[in-house]
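User: Hi, I'm new to reading structures and would like to go through one with you, question by question. Could you take a look at this one with me?

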Number of protein chains: 2
Amino acid sequence: MYNVLNKINGPEDVKKLSLEELNELAEDIREGLFHRLTKIGGHFGPNLGIVETEIAMHYVFDSPKDKFVFDVSHQSYPHKMLTGRKLGYIDDAHFKEDSGYTNPEESEHDLFNVGHTSTSISLATGLAKARDLLGKKENVIALIGDGSLSGGEALEGLNVAGSELNSNLIIVVNDNQQSISETHGGIYKNLKELRDTKGNADNNMFKAMGLDYIYEENGNDIEAMIRVFEKVKDIDHPIVVHINTLKGKGYQKAIEDKENWHWVLPFDKETGKTTISFDGSEDYTSIAREYIMNKAKEDKAFMVITPNMPASVGLSQKDREALGMQFVDVGIAEEQAVAMAAGAAKQGAKPLVVTNTTFMQRCYDQISHDVCINNSPVTILLNYTSFDGLTDVTHLGIFGLSAFSNIPNLVVLCPSSKEELVSMLSWSVDQKEHPVMIMLPGNKVTSRNADTSYDAIHTFKVEQEGEKVAILALGDFYQRGEELAQKMKETFHIQPTLINPRFASGMDIKLLEQLKENHELMITLEDGILDGGFGQKIASYYGDSNIKVKNYGLQKHFYDRYDPEELLKQEKMDTQSILEYIKSVL
Amino acid sequence: MYNVLNKINGPEDVKKLSLEELNELAEDIREGLFHRLTKIGGHFGPNLGIVETEIAMHYVFDSPKDKFVFDVSHQSYPHKMLTGRKLGYIDDAHFKEDSGYTNPEESEHDLFNVGHTSTSISLATGLAKARDLLGKKENVIALIGDGSLSGGEALEGLNVAGSELNSNLIIVVNDNQQSISETHGGIYKNLKELRDTKGNADNNMFKAMGLDYIYEENGNDIEAMIRVFEKVKDIDHPIVVHINTLKGKGYQKAIEDKENWHWVLPFDKETGKTTISFDGSEDYTSIAREYIMNKAKEDKAFMVITPNMPASVGLSQKDREALGMQFVDVGIAEEQAVAMAAGAAKQGAKPLVVTNTTFMQRCYDQISHDVCINNSPVTILLNYTSFDGLTDVTHLGIFGLSAFSNIPNLVVLCPSSKEELVSMLSWSVDQKEHPVMIMLPGNKVTSRNADTSYDAIHTFKVEQEGEKVAILALGDFYQRGEELAQKMKETFHIQPTLINPRFASGMDIKLLEQLKENHELMITLEDGILDGGFGQKIASYYGDSNIKVKNYGLQKHFYDRYDPEELLKQEKMDTQSILEYIKSVL
């Protein structure tokens, strides 16, 4: 096992191999992928499909002098194994040394930390333009594909590469006929036409954008890929190398069900079943899914729009088929998703946009300019809003409240129970007055009575009356507030007021004034960074009064691959630390 | 004068006219454009070029049943004149009733408030998709052009229209061979090929994206435009109508110098000279321009990247030519501009991205994910950062501090004098540790000594020592702080401490602690909204101390076409109101 891979400590070792050995290396790499991904999970299908291409890249080009930019970089695992990081794949003790994305801290062969799609061409045009300016010579290679082409940034990049650069740039379009879920968009029809004609279709979109173009149908054939890369190496103008590959190659289940094998939890290779055991308890994603499926049945004006993230609310292929016209997947294209929702709302439909928090950053201006200036009744439901979710630096949910709650007109709702999630969704989708964003809780599902209307925007709910101290515990941090209140009573014999703010985008001035009467200290708890968040609004409001305010939130920092509960302790946001603080000030 | 236009009170009146009258109407509309724009300024060349198209649109289609979406909507003036708003053009007393963009509050014929580019296709796909879902029938028409096609949102929209919609959508691409400055991007080469071949070029980008396509070379011929619109009316699938028009038609100077006549100040029609008199004093834009031109000469690694907004730092066509390879205009494509800068910085170049604050919202994620996670030494210089700048609701600069200062790793600098602007630019462009955003002051230029290094990030500068009250006056509000300090001394005989924070993205904890010793009240002043801004960080920091904090900032609100000084009074942010506040609490 790993006979050839064991000899590889860097790209220079790849260049020494015979074709036979290169093919053996491909098998070793797949073994390495199986080894790591069955045990700790990660991006599976995309990496299985790109093994031969990345071997050929390192065989032909000279990284790090030649510069590789991996789009999303979820397809960079074979590259990682070839650049001194094979132990992160074949040796359990080293798994943690490698992130799931390219990472300049790991290797000089990785240029950028990236995890969002559609960035590679733009980044590569910058490398190329600056190379020319500085009088350097080298190849710049962007590897894009797996659905990323539909993002506006990638299309802007193609357009600029096609006219503003008269020098070397090699854009490898890995066409595996799939995105996260199935592909959507006219360009994928064009890719099919190009595949069907071996690159000779009329109306080649890359040529239309001013780019040179070459097609290679055998993207999983190392010899063919070496041949094509040797042909374009040192080329003096931008060119697209369109390659046809098989996503999931080497694992039949992943080939047959590309969507569910795009990213995997640890699994058993024989059965294909995950080795993680679930306790079968309800989760908020399923509750959102259930709302969607029921609402769609009873209300034909309701529609779900997603930028290729139906999984963010658990919508399976079967669900999507059942939704029919009421479901629109625009492909990875967040700007389009949100602007389309604004158009649909204007028409009288009831659009719900669903994706993960981190990806919503990609359409900040569409939310602000296209939706909120127009006060369009669009509902945006975000998943992975919590510190206790995705922990890769590129996928953090902790910036959502800070980023979005300061956009005028946007009502940001943070449910704190299953009833509240459903009632907020129901209210939001049906009302016609406000754009609304709802943050799906990241903690365990709890049950509690909820209101049915949120028309009185920016009113907070007092869940427990008390004195001296008021705890404003937002969204999925409400249960932490509840725990804190309980502990305060036990420890200090003080019953604090416990408030469920529900709204993150504004303040309940009337209540805040009332609280002045018999309170000295306000404690705010929120699931996100402090800067720009909920608590700072409260601190500002009480700034020149006699009320003291202590805000709890994370630092404005790109945390990376942390242990969630450890992080709270480190930032003194755990219940024990807060109790100690309260003791010190009372 | 206005013989035909006087008869037009709505689209139904357009439909009654003969071809001869329609042509006369076009002349009347141009007269109306001259009348308004010579007197109050606005978008000039784009509207002159689109007169015949919009007459034909209203002749053939039935607005508001058929739905028109105007991209940027800076080309909607003829449409406005045809839909009951002619007085806003031909009668001085009514100028203020019409905004410079489409506005649903003005007319049912305007669907959206828009002022940013590239939104129309996405909005229109939403109108169309919801129309189908709700079982309605009507034409949906997006009018895009004048440079907007290069934006990611427009390209995402084309891609989705080309595959996810099997029903009526008419995308009119107004090809006037120009953007704000000249066009950039491969797609403009493709438009030229299409014009040169009367629509028959190989590699039609629209067809490549899955769209039907038709070309009309006489976009300024009403009869031809009526013919082409009648052909596509009620079509059952999406189609691109590519029309060739002349930007500035009807005014020779605007035809010859399309860039400078894109948007105009009030001017004399005979001479073409502006009627606004300038006092010849320095402005911050010119200071930024001068820095750029000097730096480029002395440092070949320095480069300027702009998303088609060279004017934001006053770079004329001659300047751009002088900059040569050190200047890159990517067309209207903010995501590309920022990501390209990240690539260039990685290569060792020194990229400076320039545009207006409001447009930077379009690449929030590129700033956060592509630049800041990677800590790339990219400098972003923004103009129109102030409440006292562009006052259209779609172009406000008051959200910049709130939007960007909460992104980790981004150092946000707010200069308060010309020396500080230049020293901040110099420091930022040369350093290699941080991504930096610099807010160009919106007030009159002042002169004061500045530091040369900002390596000690998030350190504030005490400009005047005092006691009891500390004024933290950020950026171009520093002079307001100075005035306040002066008035406090005169009125209350208190010398407050006056602080120039310089950094909006973090706090000088050491100084804030020191201030506790002999201060009771902190006053923060900033040029932007309160929520998510600078002052709230200070309030949060002092939240549980004995120090009181009063934050001054604008509301989280989409203000529209306001009088700047009146707004400050209304929000009690003028010096007099602040003095009254201080009096009330001291």
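Analyst: Sure, and keep in mind that this is a predicted model. Let's start with Asp299(B), which counts as buried because its relative accessible area is 13%.

User: Which residue does the side chain of Asp299(B) meet in a salt bridge?

Analyst: Asp299(B) sits in the loop between helix H12 (284-298) and strand S8 (302-306) of chain B, and its partner is in strand S10 (residues 350-356), 51 residues apart from it. That partner is buried too, since its relative accessibility is 16%. The two side chains meet at 2.7 Å, N to O, and the partner is Lys350(B).

User: Okay, what about Lys80(B): buried or exposed?

Analyst: Lys80(B) forms a salt bridge with Glu106(B), the closest N and O atoms being 2.9 Å apart. The pair links distant parts of the chain, with Lys80(B) in helix H4 (residues 77-82) and Glu106(B) in the loop between helix H5 (87-90) and helix H6 (120-133) of chain B. The cut-off for buried is under 20% relative accessible area. Lys80(B) has 0%, so Lys80(B) is buried.

User: In chain A, which residues are linked with Lys80(A) in a network of salt bridges?

Analyst: Here we get a network of salt bridges rather than a lone pair to look at. Besides Lys80(A), its members are Arg85(A), Glu106(A) and Asp110(A).

User: How far apart are N and O in the salt bridge of Arg30(B) and Glu52(B)?

Analyst: Arg30(B) belongs to helix H2 (residues 19-40) and Glu52(B) to helix H3 of chain B, with their places 22 residues apart in sequence. Both ends are tucked away: Arg30(B) counts as buried because its relative accessibility is 3%, and Glu52(B) counts as buried because its value is 4%. Their side chains meet with an N to O distance of 2.9 Å.

User: And how many salt bridges are there over all chains?

Analyst: We've just gone through a few pairs, including Arg30(B) with Glu52(B). Counting over all chains, the number of salt bridges is 71.

User: Which residues does Arg30(A) touch, not counting residues up to four places away in sequence?

Analyst: Arg30(A) is part of helix H2 (residues 19-40) of chain A. With 3% relative accessibility it counts as buried, so let's see who is around it. Its contacts are Leu48(A), Val51(A), Glu52(A), Asn220(A), Lys249(A) and Gly250(A).

User: How many residues of helix H7 of chain B are buried?

Analyst: H7(B) covers residues 152-161. Among its buried residues are Gly152(B), Glu156(B) and Ala161(B). The helix is largely enclosed by the rest of the structure, because the number buried is 10 of the 10.

User: Let's go to the start of chain B. Is Met1(B) buried or exposed?

Analyst: Met1(B) is in the segment before helix H1 (11-15) of chain B. Leaving aside neighbours within four places in sequence, Met1(B) is in contact with Asn6(B) and Glu31(B). Exposed takes over 50% relative accessible area. Met1(B) has 69%, so Met1(B) counts as exposed.

User: What is phi of Tyr2(B)?

Analyst: Most residues other than glycine have a negative phi, and most peptide bonds are trans. Tyr2(B), found in the segment before H1 of chain B, has a positive value instead. Tyr2(B) is also buried, because its relative accessible area is 9%. Its phi is near 60°.

User: Where is the peptide bond from Ser63(A) to Pro64(A), and is it cis or trans?

Analyst: Pro64(A) is in the loop between helix H3 (45-60) and strand S2 (67-70) of chain A. Omega is near 10° for the bond from Ser63(A) to Pro64(A). In chain B, a bond of this kind joins Ser63(B) and Pro64(B), with omega about 5°. The bond from Ser63(A) to Pro64(A) is cis.

User: Last one: what accessible area does the nonpolar patch with Trp263(A) have together?

Analyst: Trp263(A) is in strand S7 (residues 263-264) of chain A, and it counts as partly exposed because its relative accessibility is 45%. The patch on the surface also takes in Leu265(A), Ile276(A) and Phe278(A). Together their accessible area is about 420 Å².

Notes
Residues are numbered from 1 along each chain as its sequence is written. Chains are lettered from A and ligands numbered from 1 in the order in which they are written. This is a predicted model: local features need pLDDT of at least 70, side-chain atom pairs count only at pLDDT 80 or more; totals for chains, interfaces and linings use all residues. Side-chain values use heavy atoms; hydrogens and water are left out. Helices (H or I, at least four residues) and strands (E, at least two) are DSSP runs, numbered from the N terminus. Buried means under 20% relative accessible area, exposed over 50%, partly exposed in between (1.4 Å probe, protein chains only). Contact means heavy atoms within 4.5 Å. Patches are made of residues with over 30% relative accessible area and no salt bridge: like charges are joined within 9 Å, nonpolar side chains (Val, Leu, Ile, Met, Phe, Trp, Tyr) within 5 Å. Accessible areas come from the Shrake-Rupley method with a 1.4 Å probe; for residues, only the protein chains shown count as cover. A salt bridge is a side-chain nitrogen of Lys or Arg within 4 Å of a carboxyl oxygen of Asp or Glu.
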